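Morning, everyone. Please have the viewer open for this one. I'll keep it short.

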Amino acid sequence: MTDFLLELRSEEIPARMQVGARAELEKLFRAQMSAAGIAVGELTIWSTPRRLALIAKGLPDATAAVSEELKGPRTSAPPQALEGFLRKTGLTQDQLEDRDGVWFAVIDKPGRATAEVLAEAIPAIVRAFAWPKSMRWGKDSQSSESLRWVRPLSGVVAIFGEALIPCEVGGISAGFATRGHRFHCPGEITIGSASDYAEKLRACHVIVDHAERARIIRDGARKAAADAGLSLVEDEGLVIENAGLTEWPVPLLGRFDEAFLAVPPEVIQLTARVNQKYFVVNDADGKLANGFVCTANIDAVDGGAEIVAGNQKVLAARLSDARFFWEQDRKTKLADHAKKLDRITFHEKLGTVADKVERVAKLAEWLANEGIVPNCDPALARQAAELAKADLVTEMVGEFPELQGLMGGYYARAEGLPQAVADAIRDHYKPVGQGDDVPTAPVTVAVALADKLDVFTQFFVLIDEAPTGSKDPFALRRAALGVIAIILRNGLRFRLEQVLLKAVEDDLDKFGVVWAGHTEKKLAGFFADRLKVQQREAGVRHDLIDAVFALGGEDDLVRLLARVKALQAFMASEDGANLLAGYKRAANILKQADIAVASAQAGAAGGSAPNTTAPAFAGATDVDRALLAALTAAEPAACAAIADERFTDAMAALASLRAPIDAFFEGVMVNDPDEEIRAYRLSLLARFTGAVHGVADFSKIEG
C-alpha cells in the first residue's frame with residue numbers, strides 16, 4: 001500500500017472559493033479512482049492561497065484483475081444480432097460461450113498499475129474542475145478547448161510513494177518541485193514523498209494546513225488583543241477568510257485615532273471587516289476600543305511595526321470616509337431623506353418604496369388602534385413606519401447596505417426623535433432569520449409586523465408571486481416566518497385573515513384578486529407549512545398542526561398552537577393513542593358504508609339514520625347506550641372547553657370516550673344484519689367521529 005501526493009499550484013485562489021475547491025478536489029479524485037476500481041479511504045486535502053493539495057494514504061499498487069460477463073443474443077438469432085454483439089465486446093465468435101442456446105462473452109480485464117491510473121486521472125481532474133469563476137491565459141487562451149483554472153496554473157506535483165507520476169496538463173508537466181513562501185523562500189523545493197510534504201513547506205514558511213492557519217490566527221489575534229488589555233471581538237468568518245489569504249499568518253495589533261469612536265461602532269467594525277479584513281477589539285467595559293488586529297503574511301524583521309503603520313494609514317482613510325458619511329447624513333432630517341424614496345422602485349407592479357412606506361404606516365397605525373398590538377401608541381407607530389426606510393437614501397447605507405435600519409435608528413436618536421421611534425426604525429427588519437432577536441417593544445412590533453405583512457400580501461396576494469419549489473425570489477417564506485415569530489413571541493391575538501385583508505383592502509379591486517376559495521386556501525396552507533418549519537425545533541409534530549389547521553377558520557396562531565400542544569400531550573398518552581386507533585377503525589367502517597366521516601350534526605350520519613339523541617331505541621344494547629351516554633356528555637364538555645380555550649380539558653373530555661368506544665367495538669357487531677340496528681350503530685360512529693373532529697381532524701394524525 002502506497003501514499004499519493006497531488007499538489008496543484010497557481011496564482012492566488014480567492015479565499016471564498018477555497019472551501020468549495022477542497023470539496024471539488026475530493027469529489028473528482030474519488031470518482032476517478034472509483035471508476036478504475038481503486039478503493040480510497042480517508043483523504044487529507046489542504047488549501048493555501050497558492051495551492052490545493054491532496055494526500056491519499058494506502059492506495060494499492062495495482063488494481064485487481066476482473067472478469068466481466070456479458071449476455072448476448074440467442075444462438076438462433078439472426079446473424080446481424082450476433083455481429084452487433086461481437087462489435088460491442090471486441091471478440092470473435094469462437095471466443096464466445098454457448099450456454100443453453102445463448103451466447104455469453106467472458107472478458108478478462110487484467111489489473112493495472114495504480115501509477116498508470118493516476119497518470120490518466122490527474123489531467124481529467126484538472127480539466128473537469130468546477131470553479132465559480134475561471135479563466136484562460138497565455139497564447140492558447142484563444143481556443144475554447146484551452147485549460148481553464150481559477151487563476152493561471154503554474155505547477156503540478158504528483159508523487160506515488162517516491163516515484164513521479166508522469167503526466168501533463170495544459171502544457172504543464174508534473175514534477176517533484178514546488179515553491180515555498182513568496183518572500184521568505186521564493187525558490188524551488190524538492191518534495192520526496194507525501195510524508196515530507198507538509199514539513200518541507202513549513203520549513204519554507206508555508207503552513208499548508210488551512211485549519212492550522214485558522215488556529216494560529218484565532219489564538220494569535222486573541223493574544224495580541226489581550227497583551228494590550230483588550231478583548232477580541234470574535235468573528236469566525238473573518239478567521240477563515242484570513243486563513244485563506246495567508247500562508248504564514250502573523251496577527252498584529254494596530255491602533256486608530258480615538259476621535260473615530262464618535263462614529264457608530266457597527267460602522268467601524270464593518271469598515272474594518274469588509275474593506276480591510278481586520279478584527280476589532282473591545283475595552284475592559286465591553287465597548288469598542290480604538291484598536292484592530294490585522295493578519296500579516298510575513299515574519300517581519302522589525303516585529304511588524306512597518307506593517308502595522310501601513311495598515312493604520314489605510315484604516316484611517318477608510319474611517320475618515322465613514323465619518324464623513326455619518327456627518328453628512330445627519331445634516332438632513334430623516335423626514336427629508338424619506339421624501340426621496342419616491343425615486344426608488346419597490347417593484348414594477350407595486351410602485352415605489354414611498355408607496356410601500358405609506359401602506360406600512362397605515363397598517364401599523366391600524367394595528368395599534370385596534371389593540372392588536374397592545375400598549376402601542378398609534379401616532380408613534382405611524383411616525384416610525386414613515387421613517388423606517390429613510391436611511392436607504394443615505395450615504396452610509398449606500399456604502400454599507402448591511403446597515404439599513406440600524407443607521408436609521410442612529411440618525412433618529414441623533415435627531416432627538418422619541419426612543420420608541422428610533423428603536424422601531426432600528427429593529428423593524430427583525431427577525432431576519434432563525435435565531436435572530438424577535439421584537440417585543442410595542443411600536444417596534446407594530447412596524448415590524450406591518451412591514452412583513454405588506455411584503456407578504458403584496459407579492460403573494462396581489463400579484464400572485466407565491467414561492468414555487470425552491471424558488472422564493474422575494475423572500476416570502478422568511479416574511480411569513482417573521483410574522484409567525486412576532487405573533488407567538490408577543491402573544492398577539494387576532495385572526496390572520498382579518499389582518500391580511502386589511503393589508504390589501506385598498507388594492508383588491510385594482511388588482512382584481514378573488515380572495516375566497518383561492519388565495520385564502522393557498523394562504524392557509526402556506527402559513528401552515530411555515531408554522532411547521534418554525535415549530536420543528538420545538539418538537540411540535542407537523543401532523544398535529546395539519547390536524548388543527550384542517551378544521552378551517554382557525555388562524556389565531558396563538559390559540560391554534562395552544563390547541564396543537566394540548567393535542568400533542570394527549571396523543572402521547574395511552575388514552576390518546578387508543579382513541580386514535582378507535583377513530584381510525586370507526587372512519588374505515590363509515591367509509592366502507594359510504595357514510596360521511598365527522599358529520600357536523602350529531603346523529604346525522606345518513607339520511608335514513610335514526611336520531612341517536614332519542615332516549616331509547618328498541619334494538620339498542622347496554623353497550624350502545626353507554627357509548628351514546630358518553631357522547632352526550634363529552635360533546636358539550638369538549639365544545640365548551642374549546643370555546644373557553646381550555647384545550648387540555650377538551651382533550652380530557654375526549655379521553656372519556658376511549659373506554660365506551662373500545663367496549664362498543666368489542667361488544668357489538670356494527671354491520672348487524674338488521675338494517676335499522678346497523679343504521680343506528682353507524683350513526684353512533686358518525687357522531688363519535690364528529691365529536692373527535694370538534695377538537696382536531698384525526699384523519700390527519702399519523703399513527
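I'll walk through two pockets, one after the other. Keep in mind that this is a predicted model.

Start with the largest pocket. How much space lies in it? About 750 Å³. Its lining is made of 25 residues. To find the centre, look for Lys389, Gln404, Tyr429, Asp451 and Arg478, which lie nearest to it.

Now the helices and strands around it. Four elements give two or more residues to this lining: α10, α14, α15 and α16. On the sequence, α10 runs 353-369 and α14 runs 419-427. Then come α15 at 442-462 and α16 at 476-490. Which of them gives the most? That is α15, with four residues.

What about the chemistry? The lining of the largest pocket has 14 nonpolar residues. Another nine are charged, and two are polar.

On to the second largest pocket. Here the space is about 450 Å³, and 17 residues line it. Nearest its centre are Gly433, Gln434, Gly435, Leu481 and Gln534.

Two elements to highlight here. Both α16 and α19, the latter at 515-536, supply at least two residues of this lining. The top contributor is α16, with seven residues. We met α16 a moment ago, in the lining of the largest pocket.

By class, the second largest pocket is lined by seven nonpolar residues, five polar and five charged.

So, to recap. In the largest pocket, look to α15 for the most lining residues. In the second largest, look to α16. Thanks, and over to you for questions.

Definitions and conventions: Residues numbered from 1 in each chain as written. Predicted model: local features only at pLDDT ≥ 70, side-chain atom pairs only at ≥ 80, totals over all residues. Heavy atoms only, no water. 1 Å grid on protein atoms, 1.4 Å probe; cavity = no way out; pocket = protein on both sides within 12 Å on 5 of 7 lines; lining within 4 Å. Points joined across faces, edges and corners; volume = space filled by probe spheres on them. Nonpolar A, V, L, I, M, F, W, Y, C, P; charged D, E, K, R; others polar.
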